[in-house]
Every structure is written in C-alpha cells, then in structure tokens.
Amino acid sequence: MSALMLALAAGAVIGLALGALGGGGSVLAVPALIYLLGFSPVGATTASLVIVTLTSVTALVAHARDGQVRWRTGLLFAAAGVGPAMLGGAMAGRIPAGVLTAAFGVVAGAAAVRMLRSRPASEGAVTVRPMRAAAAGAGLGAVTGVLGVGGGFLAVPALVGVLGMRMRNAVGTSLLVITVNSLAALASRTSTVEGLNWAVVGPFVGASILGAWDGKRLAAKVSGRTLQRIFALVLLAVAAFMLIDALL
C-alpha cells in the first residue's frame with residue numbers, strides 16, 4: 001500500500017477517535033507515523049502535534065456548536081498544565097525510552113480501568129470547583145509533558161472521574177485542552193515543523209479532519225456510557241501494545 005493511502009487510512013481512524021471520543025489522536029498518530037509511514041520518532045511526534053491540533057480544532061467547533069464544551073474548565077485545565085508540562089518535557093529527556101514507553105502503557109491502562117469501573121456521570125448540572133480543576137489540569141500537564149502526548153486520553157477520564165462531568169461534555173472540553181496543549185508544544189518545534197514531509201502530512205490532516213466530523217455524528221447517536229466503554233477499550237489496547245513494546 002502506498003504512503004498516500006496509508007496516510008489517508010490512518011488519518012481517518014485518528015479523526016474518528018478525536019471526533020467521537022475527544023482523545024486518542026496522538027496515541028494513535030505517533031505509532032502510525034513511525035511504523036506505517038517511516039517517520040523518525042522526533043518527526044512523528046511533531047507531525048502528530050500538527051495533525052492533532054488541526055483535527056481537534058475542527059472537532060472542537062462541532063462540539064461547541066452543540067454546547068458540549070465547558071470553556072472555563074477547559075481553560076483552567078490548559079492554563080494549569082502549561083508549566084508542569086514544560087517541566088515534564090525537560091525531565092523526559094533524562095528518562096530511558098523503554099521506561100517512558102512502559103510508563104505510558106501503565107498510565108493508559110490505569111486510566112482505562114478507572115473509566116470502566118466508574119459509574120455513569122450525572123445528567124444534571126455539574127458544579128465545577130476551580131481549584132480542583134486547576135489541580136487536575138496541573139497533574140495532567142505533568143504526565144503528558146513526560147509522555148509527550150496531547151493529553152486527550154487522560155483529559156477525558158480526569159474530566160469524568162475527577163470533576164464528575166458528563167461524558168459528552170468531557171469529550172468536547174478535552175478537545176479544547178488538546179488544542180491548547182498541542183499549540184504550546186508546537187511553539188517550541190518550529191524548525192522541526194518546517195522539515196516535515198507535507199506530501200504525507202497534508203493528506204493525513206485532511207482525512208483526519210473529515211474523520212472528526214464523522215466521529216462527531218457517531219457521538220450524537222451513541223450513549224455516553226457506551227462511548228466511555230469504547231474509549232476505555234481503546235486505551236487498554238494502546239496500553240497492551242506499549243507494554244509489550246517496552247518488554248521486547
């Protein structure tokens with residue numbers, strides 16, 4: 001299969017995940033770029049940030065139109081996580097790759113188990129405590145800074161489990177967090193962005209954006225609890241892959 005077809009297929013899957021689940025984009029994009037399209041780890045990480053940023057913005061607009069984005073909570077998460085994410089990123093360079101991969105798998109698996117075990121969130125109004133949201137956002141920023149991912153796969157469980165947010169609102173709000181975090185990460189990677197293979201990244205982004213719209217429509221037809229289970233199963237699969245990769 002040609003690189004163009006692989007990019008289109010992978011982009012569609014990642015867009016679907018972001019649109020329907022509010023996360024999982026960078027978790028899926030990085031392995032696809034490395035193992036399917038031959039990117040270097042640094043190039044794959046940067047390309048993933050570009051793809052996830054543009055796709056998240058598209059999906060965010062769709063969710064915002066339906067009133068499913070809690071802007072105040074999302075901005076608190078993003079703002080509180082910027083500093084810890086920078087510190088975590090600095091620490092990541094001193095941690096062996098195998099340890100980082102294993103840590104990624106453990107965190108993803110723990111988040112998945114929490115999602116599977118949590119009770120359905122209340123459908124009533126949710127009162128957000130600013131300090132609690134800021135603390136969760138700071139912790140999220142630190143973890144995602146070390147692991148080098150957008151953070152949606154952790155933001156959704158945090159918004160649901162820590163803040164008691166409804167799943168649909170958590171999906172929309174996590175897209176805001178992902179967008180801000182990805183833009184902040186890209187700001188320090190301008191030279192790497194210029195060296196990307198845009199003949200592959202461009203179609204990847206296009207397919208991902210179209211997939212995000214399909215994912216949004218899927219989310220409107222599926223119950224919040226079902227989405228929560230799907231998201232958890234995706235996380236478990238990613239966790240298993242990462243842990244196996246770290247051990248081999």
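The exercises below work through a predicted model, from the whole chain down to single residues.

Residues are numbered from 1 along each chain as its sequence is written, and side-chain values use heavy atoms, with hydrogens and water left out. In this predicted model, local features need pLDDT of at least 70 and side-chain atom pairs count only at pLDDT 80 or more, while totals for chains, interfaces and linings use all residues.

**Exercise 1. The chain as a whole**

Task: Describe the secondary structure, burial, contacts and surface of the chain.

Solution:
- Step 1. Helices (H or I, at least four residues) and strands (E, at least two) are DSSP runs, numbered from the N terminus. The chain has 11 helices and 0 strands, and its pattern along the sequence reads α-α-α-α-α-α-α-α-α-α-α.
- Step 2. Buried means under 20% relative accessible area, exposed over 50%, and partly exposed in between (1.4 Å probe, protein chains only). The chain has 248 residues, and 50% of them count as buried.
- Step 3. Contact means heavy atoms within 4.5 Å. Taking contacts between residues at least 6 apart in sequence, 86% join residues at least 24 apart.
- Step 4. Accessible areas come from the Shrake-Rupley method with a 1.4 Å probe; for residues, only the protein chains shown count as cover. The accessible surface of the chain is about 11100 Å², and 68% of this belongs to carbon and sulfur atoms.

**Exercise 2. Helix H3 and its two ends**

Task: Follow H3 from its N-terminal cap to the residue with positive phi after it.

Solution:
- Step 1. A polar contact is a pair of N or O atoms within 3.5 Å; within protein, one must be able to donate a hydrogen and the other to accept it, and residues adjacent in sequence count only if both atoms are side-chain atoms. At the N-terminal end of H3, Ser40 acts as the cap, with a side-chain oxygen 3.1 Å from the backbone nitrogen of Gly43.
- Step 2. Gly43 belongs to helix H3 and is buried, at 11% relative accessible area. Between the C-alpha atoms of Gly43 and Gly195 there are 8.3 Å in space, against 152 residues in sequence.
- Step 3. The expected span of a helix is 1.5 Å times one less than its number of residues. H3, with 25 residues, reaches 36 Å from first to last C-alpha, close to the 36 Å expected.
- Step 4. H3 is largely enclosed by the rest of the structure, because 18 of its 25 residues are buried.
- Step 5. After H3 comes Gly67, with a positive phi near 70 degrees.

**Exercise 3. Gln68 in its loop**

Task: Is Gln68 buried or exposed, and which residues does Gln68 touch?

Solution:
- Step 1. Gln68 sits in the loop between helix H3 (41-65) and helix H4 (71-92).
- Step 2. Its relative accessible area is 18%, so Gln68 is buried.
- Step 3. Leaving out residues up to four places away in sequence, Gln68 touches His63, Arg168, Asn169, Gly172, Thr173 and Lys216.
- Step 4. With His63, Gln68 also makes a side-chain to side-chain polar contact, at 3.0 Å.

**Exercise 4. The nonpolar cores**

Task: Which elements give two or more residues to the largest nonpolar core?

Solution:
- Step 1. A nonpolar core is a set of buried Ala, Val, Leu, Ile, Met, Phe, Trp, Tyr and Cys residues joined through side-chain atoms within 4.5 Å. The largest such core has 36 residues; Phe77, Phe104, Phe153, Val156, Met167 and Phe231 touch the most other members.
- Step 2. The elements are helix H1 (3-21), helix H5 (97-117), helix H6 (130-147), helix H7 (152-162), helix H8 (167-186) and helix H11 (224-247).
- Step 3. Another core, of 31 residues, lies apart from this one and includes Ala32, Leu49, Val201 and Ala212.

**Exercise 5. The aromatic pair**

Task: How many aromatic pairs are counted, and where in the chain are the partners?

Solution:
- Step 1. Rings of Phe, Tyr and Trp (its six-membered ring) pair if their centres lie within 6.5 Å; planes under 30 degrees apart count as stacked, over 60 as edge-to-face and the rest as tilted. The count is 1 aromatic pair.
- Step 2. Tyr35 and Phe241 are the partners, edge-to-face, at 6.0 Å centre to centre and 80 degrees between the planes.
- Step 3. Tyr35 is in helix H2 (residues 25-36) and Phe241 in helix H11, 206 residues apart, so the pair links distant parts of the chain.
- Step 4. Phe241 is partly exposed, with 39% relative accessible area.
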